Every structure is written in C-alpha cells, then in structure tokens.
Amino acid sequence: MIQSNLVQLHKKIAEIAATCNRDPDTIKLVAVSKRFPVESIVEAAEAGHYRFGENYLQEAIEKKRALGDRVAFHFIGNLQSNKAKPAAENFAMVETVDRPKIAAALHKYVPDDRKKLSVLIQVNVGNDEAKSGIDPKEVESLAEYVNGLDRLKLEGLMTMPPFTDDEAETRSYFRSLRNIGERLQEKGLLPAEGFELSMGMSGDFHLAIEEGATIIRVGTAIFGQRPALIKT
Ligand SMILES: *Cc1c(COP(=O)(O)O)cnc(C)c1O
C-alpha cells in the first residue's frame, strides 16, 4: 500500500509540476511518518524513499536508532531549547526554527564532525495564534541572526498556514511565504543560488507546488490514516 501510494504521489507531483512548467526534481518529498511505526518507514525505504518528517523528538530518535543512516529525518515539530542537543545530533534538517533562542541552542550543539546543520525558519504567515512560527514582520531580523551562527546553514522558509477550505486563501499564504523568501534573498539573507520553501501537506500540496514549494510534507497520502496519539 505504502509503495503504491508513493508511486501515485510521484506521478501526481510530476503532473502538477508539468502544469506550472517546473522540473519535478526541484520538489523534495518529505514523508511525514509521525505516529506511524518503524515498519511503515521500512516499507517506504524499501520502495526507495529516503526523506522522512517527524514531529516528536523522542519518537524520532527511537526510529533513527532502529533505522540508522538508510533514511534521513527532518524535524517538523515544535522545538524546546532544552531539547536542542538531540535535535542537532539526529536530524538532517530542522524546519521549525522560529526564535533566536532555538537557533542559538541548536548552534551550540551541532556536532564537530557535522560542520553545519541545515535549518529553515518557520513563518506564521496567517498570524494564526494556534500555530507556531515567527511573525512575518520579524523574519528578517531572525534570518540575520541565524546567518550569524556559523554552524547553522539557513536554507529557506517553512510554513503551516491556518486551516481553511478556501483554496484561494491557502494559496495566498503560500504565495506570501514565497514573497518573503524572495525579499530575504534580495537582501542576501538566503542562498543566492536558490532557497527552500517547505509548504504543502496531503490536502494542499498541489497549490503549494504551483506557488513554488521545493519541499512538500506529506503524511496521510502515503501512510494512510494516522493512529491516534497514545496518551501515556
Ligand atoms: C503532520 C504534519 C504534516 C503532514 O500532514 P498530512 O496531512 O498527514 O499530510 C505536515 N507538516 C507538519 C508540520 C505536520 O505536523
């Protein structure tokens, strides 16, 4: 099931990319495996998938321990600065840097043999109180700060817009993330050769690709319905 879902998804990504004249190879798929068991990740890995997204640090570390280097993980959950050490040690990319304190804490713990940790700044494009991410007005100063930390490599921006059924509204959030990215790039705060825009999930990745996403984070469309959070 997971394997055929991945095949279908890649086909869909290629179709959407074609409609907006984009090269599908410029769109990275992060398979969001939160709350799914290690076996699901193994199944996806055996189908050739490499990049996974996790929201819960402890769960992710256990999965990484079980899987080793055959897969790479992006951290996409809320990060507390007292958990920065395991985050800096275990993830290929941390997508949810949204305040200087988190950036500084990650920077402190990037392992010596690692050189640089790739990070994205999470932007709260909808100014949604229920969502984390930095206020769009403060992105520039955070980007300056992160650029001053030599062990972090600021690769781009991530967002999780407010939920709405209105496609035009969702699209406008994605577009505003891209606009912020372009502005930062002009100011030399994002890589001149191209920056990452992580946006779009199972329900709206088609809109995100049309608006320039380079990373889409898709869970249920690959793994099926997510198991409920087990309270311990
Ligand atoms: C869970 C999650 C996703 C994936 O959502 P789906 O609807 O399952 O595709 C993407 N991004 C973040 C930050 C998430 O927490």
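**Close-up views of a predicted model**

**View 1. Here is the largest nonpolar core, a set of 66 residues in this predicted model.** Leu106, Ile121 and Leu157 are the members that touch the most other members. Helix α1, residues 2-19, gives this core its largest share, six residues. There's also a second, separate core of five residues, and Val30, Leu120, Met158 and Ile215 are among them.

**View 2. Now we zoom in on Ile121 and its contacts.** Which residues does Ile121 touch once its neighbours within four places in sequence are left aside? The list starts with Glu95 and Val97, then moves on to Ile134, Val139, Leu142, Ala143 and Val146. Leu154, Gly156, Leu157 and Met158 complete the set. You've already met two of these names: Leu157 belongs to the largest core, while Met158 sits in the second one.

**View 3. Strand β1, residues 28-32, takes the stage here.** Is this strand largely enclosed or largely open? Four of its five residues are buried, so β1 is largely enclosed by the rest of the structure. It has strand partners, too: β1 pairs with β8 in the parallel sense, over four bridges, and Val30 stands opposite Arg217 of β8. β1 also pairs with strand β2, residues 51-54, again in the parallel sense but over two bridges. In that pairing, look for Ala31 opposite Phe52. A handy thing to keep in mind while you look: side chains in a regular strand alternate between the two faces of the sheet.

**View 4. This one shows the largest pocket, with about 480 Å³ of space in it.** How do you find empty space in a crowd of atoms? Rolling a probe the size of a water molecule over the atoms shows where such space is left. The lining of this pocket counts 25 residues, and Phe163, Met201, Ser202, Gly203 and Asp204 lie nearest the centre. Both α7 (167-186) and β8 (215-218) supply at least two lining residues each. Sort the lining by class and you get a mix: 10 nonpolar, seven polar and eight charged residues.

**View 5. Two loop residues, Arg35 and Asn127, have a positive phi without being glycine.** For Arg35, phi is near 70 degrees. You'll find Arg35 in the loop between β1 and α2 (38-46), and its relative accessible area of 24% makes it partly exposed. Asn127 has a phi near 45 degrees. Its place is the loop that runs between β5 (117-123) and α6 (139-147).

Definitions and conventions:
Residues numbered from 1 in each chain as written. Predicted model: local features only at pLDDT ≥ 70, side-chain atom pairs only at ≥ 80, totals over all residues. Heavy atoms only, no water. 1 Å grid on protein atoms, 1.4 Å probe; cavity = no way out; pocket = protein on both sides within 12 Å on 5 of 7 lines; lining within 4 Å. Points joined across faces, edges and corners; volume = space filled by probe spheres on them. Nonpolar A, V, L, I, M, F, W, Y, C, P; charged D, E, K, R; others polar. Core = buried A, V, L, I, M, F, W, Y, C linked by side-chain atoms within 4.5 Å. Buried < 20%, exposed > 50% of the residue type's maximum accessible area, 1.4 Å probe, protein only. Contact = heavy atoms within 4.5 Å. Pairing = 2+ DSSP bridges.
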